[in-house]
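Student: I have a model open and would like to learn how to read it. Where do we begin?

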2 protein chains.
Amino acid sequence: SVNPDLASERHTASFSVEQLTALLDGGAEQTRIRRAVVEAIESDPVFSREDQYFQTQNERYEAAVRKAVHLQKKMHEMGWTEDGPEYKYIYRALSGDVAFLLHRVFMRSISVLGSDKQIAKWIPLATQHKLIGSYAQTELGHGTYLQGLETTAVFDTATQEFILNTPKISAMKWWPGDMGRSATHTVVFAQLYIHGKCYGIHPFIVQIRSLQDHSLCPGITAGDIGPKMNFEHIDNGYLLLKNVRVPRENMLSKFCEVRPDGTYVRQGSQKINYFTMTTVRISLLSDEVLTPLMKACTIAIRYSVVRRQSKLKPGEQEAKILDYQTQQEKLLPQLAAAYAFHFINDYLQELFDRGYREIQRKNFDMLPELHALSSGFKAMITQHCTAGVEICLRACGGHGYSLLSGLPSLYTKILASCIYEGENTILLLQTARFLIKCFMAASAGQPVPPSVTYLAAVKHGKCPAKNKLDFLSPDIYTEAYQHVAVRLTSSTAAKLQDLIQSGVKKYDAWNQCTVQLVQAAKAHCHYIAVKNFAETVEKLETKAGIQKIMKHLCDLFALHGIFANTGAFLHDGYTSAAQMDMVTASYLDLLAVIRKDAVPLVDAFDFTDQSLNSALGSSDGQVYQRLYEWAQRSPTNQMSPAYERYLKPLLHNTLSKL
Amino acid sequence: SVNPDLASERHTASFSVEQLTALLDGGAEQTRIRRAVVEAIESDPVFSREDQYFQTQNERYEAAVRKAVHLQKKMHEMGWTEDGPEYKYIYRALSGDVAFLLHRVFMRSISVLGSDKQIAKWIPLATQHKLIGSYAQTELGHGTYLQGLETTAVFDTATQEFILNTPKISAMKWWPGDMGRSATHTVVFAQLYIHGKCYGIHPFIVQIRSLQDHSLCPGITAGDIGPKMNFEHIDNGYLLLKNVRVPRENMLSKFCEVRPDGTYVRQGSQKINYFTMTTVRISLLSDEVLTPLMKACTIAIRYSVVRRQSKLKPGEQEAKILDYQTQQEKLLPQLAAAYAFHFINDYLQELFDRGYREIQRKNFDMLPELHALSSGFKAMITQHCTAGVEICLRACGGHGYSLLSGLPSLYTKILASCIYEGENTILLLQTARFLIKCFMAASAGQPVPPSVTYLAAVKHGKCPAKNKLDFLSPDIYTEAYQHVAVRLTSSTAAKLQDLIQSGVKKYDAWNQCTVQLVQAAKAHCHYIAVKNFAETVEKLETKAGIQKIMKHLCDLFALHGIFANTGAFLHDGYTSAAQMDMVTASYLDLLAVIRKDAVPLVDAFDFTDQSLNSALGSSDGQVYQRLYEWAQRSPTNQMSPAYERYLKPLLHNTLSKL
């Protein structure tokens, strides 16, 4: 039976939840396929995550390997293939709790970086799991700055082999997933040396464990890097190489080859390869970043209509905590952001598909823009979503702090997305570099890519809003965001030029502007996200109340961003203090409006109770019963040796006399 | 041997580290005592935390009980007593990783709420550990709002007993520490009923486990609530009561008594009791909140001078990451905040000691102000320090995400401080209520408490700063903070009055202003923190470079707060856009200045390597070596059954045919 406090929230939905779900999925047929995958996965006990919060790192690893192996069988049973329509829903249905994800990266790197001959040799072996692959790039002392990697691969003309070494401890490979315990092979990135000359970083296929008994190969030291904040199911590993020899054919050689005599030959264009790395940043957003935020919103909002605390009105029963303005102000902007980022993700996916087609036609014009967008949005969205999940956790008070709420593990996992695939600050500075370049070009009357043409059209006007309702006009707020992005970019460009003209070295000047450059990059992405949300809403059908509620969310997303960054909008007087008060008034009004549809808006994300894996967020709202029953199964409710060893002697006063 | 990149940072300190340590400790003699305690604790292997990151919740609990029992012996050996000078350093030396903390709360609640007779009976039993106590207030469905607690205690005149019951699942006691597995007794808060009439919440001593064999007493259901985000060493518990009878003498009766005939008698003043609860919020700040931030700063800053990444200048070696402005902008404001909060903590402790003396003289005038300050500062400092620890974690990239960095556990633990002892938003609204009341009183010409007299002196001037150096004047920035606090309080008071005058019910009007009330409360606390830091610096001796570096930190704390909240200062034009640019310039200049002393400034916190328990933060800077050696000892480097069970059949293609 559904908790009546939750049920009552669903009776008053202003829109069709089912139609909103279909919109999010990209059509009702997609919803049907997704649900079929979820049903097949969740009805299979091997994929259960019920005991997850009670398991040790070792148990989590073992379960993840078991699931990965079982998944092969399941896919065959269900007739799912890697290029079928179901495939993209499998990982989400498993909540990512499965091993061998790096095996896929191993395969992709061979497909992208390998010659046809190498692909023909290795891909079938990997597909049939005759080996388990990993991808060894990051080192203990080296991450983002790839040129700094220290592992060496020296070509030995006599034996036609590369000799791989870890010259010092900071050169040890560190972090590669699946490498700590599972992998038999890995792609090692190392500095290539031929006849004493360094040719930079190249990829080499290296076997690290025996295919017979899984023992480490000669010259290999490898193991698990130990406990992390999350990802207990993944065996992130370390790898030390000591005179490990691999044949010449093991250097992935689509772009560069070493001939038998040691001649180094570069061939083809590596640009497509860089592009592949760029797309990874976009492709991870959906499952790794948006889904966790959507889950956290679902949990926190459902809990906030079931939890009652204090009296809002004297004489009445305690109020649902979502009726407090402060609680709405915590949660509803996160909900709006989840929708905003869903739509910008659609936009980016489409843009990158188009870019891919262009690049295959050898047209590389879009590359700088795509790189800037993928860097900036990866940083912005991971940052916002991580903060959003944390807000949801805290908004659930003590119960949010219990692992059984599901929120701590969502938080500790999403946090990693701010660090992997490019640390966010460094990525934002990449975007900023592009912005500055385009701003200078635009100022000089040169053409610039579509996403930054607005930089050329600097307007020095004022915000025309006259009352709080004007701030519900997308034109008004989109223009305000645009104005801020232009101002921050142009003022930082000016500071940079001033410094250089005053004699500061270019690299020093750049460093002295980086705090402000990061602000400019964020403002640029925020502007595009707001603009895209507004344009998406404009195009929605008006039926079933969908457009109306999406318009409210778009307004909330935009006004929350202004409310939380008032200084950026007030700074040059584009927005006046009186207008800022209107923004605040409209923003607070919107909270009360959206609060009414809050539960239907999270229901539309269509998470099953199993996938939420949360005592607070289940669809029936039976929070307390679930917490109690679940807690009773905790291993901490088994007998502890602490009683006999310490408590009993203490209480019985039989500890050796003090 | 110390990593040369770390060693070089220490050679150029602008001040005496040892003298700064003594200042933080409150004198060189205190430093000596503290170090002696740390030495005694850390040289005892029972107190080792070396394996902590590898242990399960059960293992952590067992170790914490073992340490708690061993500590009794240790104190006797060392001649430490509960009222000796060493006592306050013990918990810090143990990093809080010990059981029976609630036993102390149990004792304190009896001392404060019990009659002389009850104190005489129970305190000796507890002191000698003939029982283990807990404190059962929070329920599954009830936290902050104490009046909402649902557990009942019905007085039975016939047997002269109270009959305690958990009427429904939301009334189950939930969270009490030490109760899940250890406690034999607890103080239960329940609604008192006599002859069918409810007299509100009262405390009752209830035995829950046998003193002989530790089995649960009749009518008691209790256990552990399971895994949490941290506090694995504490057995937070649940408790269900079914017709549990306790004698009339077990109701703690310093303030209220039930006579044998059922007559309810209220005696004395409860005010001193409320005050005790208020002081808890202040007393937790030092060990639970400031220490973790100081540790996180120590770890992140030491790591940031050892880690090198990318080239700042072409042709040079990779740069220390602390040389990047963006890294300075992440870490140095946290360092400044740690010092700011240390000094405000001193101020609050002193104020509360004075308040305690007044209250013992039956002068309760200071109570509202102390309540407002303790609520606001508990919220502000826990919020800032939690965010600061998270920033430190993220600033260490991938290695910060490893448990071996120590940062994840600092974060997951400090996060709880935002929730316990009063949820922060609710506390800030308590402070806001006081501010609004005082503002109204001050406006009407009535006297108000010292910390809020500034509300009466509303000045409508402009910030007088003329260049960026003016913003290094404490008068300039303190006044700016004061102006913002007054503006936010007065504008919200005006909104509140407007709403009420327009016919909105008082409670609705309050709810509609809460987002802004929270802002006002934060601004008030921020102002006092800045003012106190500036006044503290003013009074410091100028010798040994201490005052100079503290002045820089004070400036940074103040300017960072403006830089991060520009809108609040720009809103009414008190600060102009041109002045805000001066703030930014001064702020960024300060980062480069303080960066030079960053390592000495964290060295002054004087944490031992054992207490940091971090591969990144050790005093010798041997980061990579330590990570590698530590990881090798992880249980994840033992043989896993996953190979024989799943990997081998997969690789050998002997899985049952698909």
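Student: Which residue of chain A comes closest to the rotation axis?

Tutor: Start with the general idea. Two copies of a chain are related by a rotation about an axis and a shift along it. In this predicted model, A:Gly567 comes closest to that axis, with its C-alpha at 1.7 Å.

Student: What turn and what shift lay chain A on chain B?

Tutor: The turn is 180°, and the shift along the axis is 0.0 Å. The RMSD of the superposition is 0.0 Å. The two copies are thus related as by a two-fold rotation axis. The same surface serves both copies: of the contact residues of chain A, 100% recur in chain B.

Student: What confidence does the predictor give the complex?

Tutor: The ipTM is 0.97 and the pTM is 0.98. For chain A, the mean pLDDT is 96. A pLDDT of 70 or more is reached by 99% of the residues of chain A.

Student: Next, the interior. Which residues touch the most other members of the largest nonpolar core?

Tutor: The general idea: in soluble globular proteins, nonpolar side chains tend to be buried together. Here the largest nonpolar core has 324 residues. A:Tyr339, A:Met550, B:Tyr339 and B:Met550 touch the most other members.

Student: Leaving aside neighbours within four places in sequence, what is A:Tyr339 in contact with?

Tutor: Its partners include A:Leu20 and A:Leu24. A:Phe533, A:Met550 and A:Leu553 are also in contact with A:Tyr339. So are A:Leu601, A:Ala604 and A:Phe605. Apart from the largest core lies another, of 42 residues. Among its members are A:Met179, A:Val188, A:Phe255 and A:Cys256.

Student: Now a helix. Is H9(A) mostly covered or mostly uncovered?

Tutor: First the general idea. An α-helix has 3.6 residues a turn, so residues three or four places apart point the same way. H9(A) is mostly covered, with 27 of its 36 residues buried. H9 spans residues 325-360 of chain A. From first C-alpha to last, H9 reaches 52 Å, close to the 52 Å expected at 1.5 Å a residue. After H9(A) comes A:Lys362, with a positive phi near 65°.

Student: Which residues of chain A does UniProt annotate as "domain: Acyl-CoA oxidase C-terminal"?

Tutor: The unreviewed UniProt entry gives residues 474-651 of chain A. Over residues 474-651, the chain is 75% helix and 0% strand. The end C-alpha atoms of that stretch are 69 Å apart.

Student: And where does UniProt place "domain: Acyl-coenzyme A oxidase N-terminal"?

Tutor: At residues 16-132 of chain A, again from an unreviewed entry. Residues 16-132 are 67% helix and 0% strand. Their end C-alpha atoms are 46 Å apart.

Key
Residues are numbered from 1 along each chain as its sequence is written. Chains are lettered from A and ligands numbered from 1 in the order in which they are written. This is a predicted model: local features need pLDDT of at least 70, side-chain atom pairs count only at pLDDT 80 or more; totals for chains, interfaces and linings use all residues. Side-chain values use heavy atoms; hydrogens and water are left out. pLDDT is the predictor's confidence in each residue, from 0 to 100. Helices (H or I, at least four residues) and strands (E, at least two) are DSSP runs, numbered from the N terminus. The expected span of a helix is 1.5 Å times one less than its number of residues. Buried means under 20% relative accessible area, exposed over 50%, partly exposed in between (1.4 Å probe, protein chains only). UniProt positions are given in the numbering used here, feature names are shortened, and annotations may be inferred rather than shown by experiment. Copies are superposed by least squares on the C-alpha atoms of residues with pLDDT of at least 70 in both. Contact means heavy atoms within 4.5 Å. A nonpolar core is a set of buried Ala, Val, Leu, Ile, Met, Phe, Trp, Tyr and Cys residues joined through side-chain atoms within 4.5 Å.
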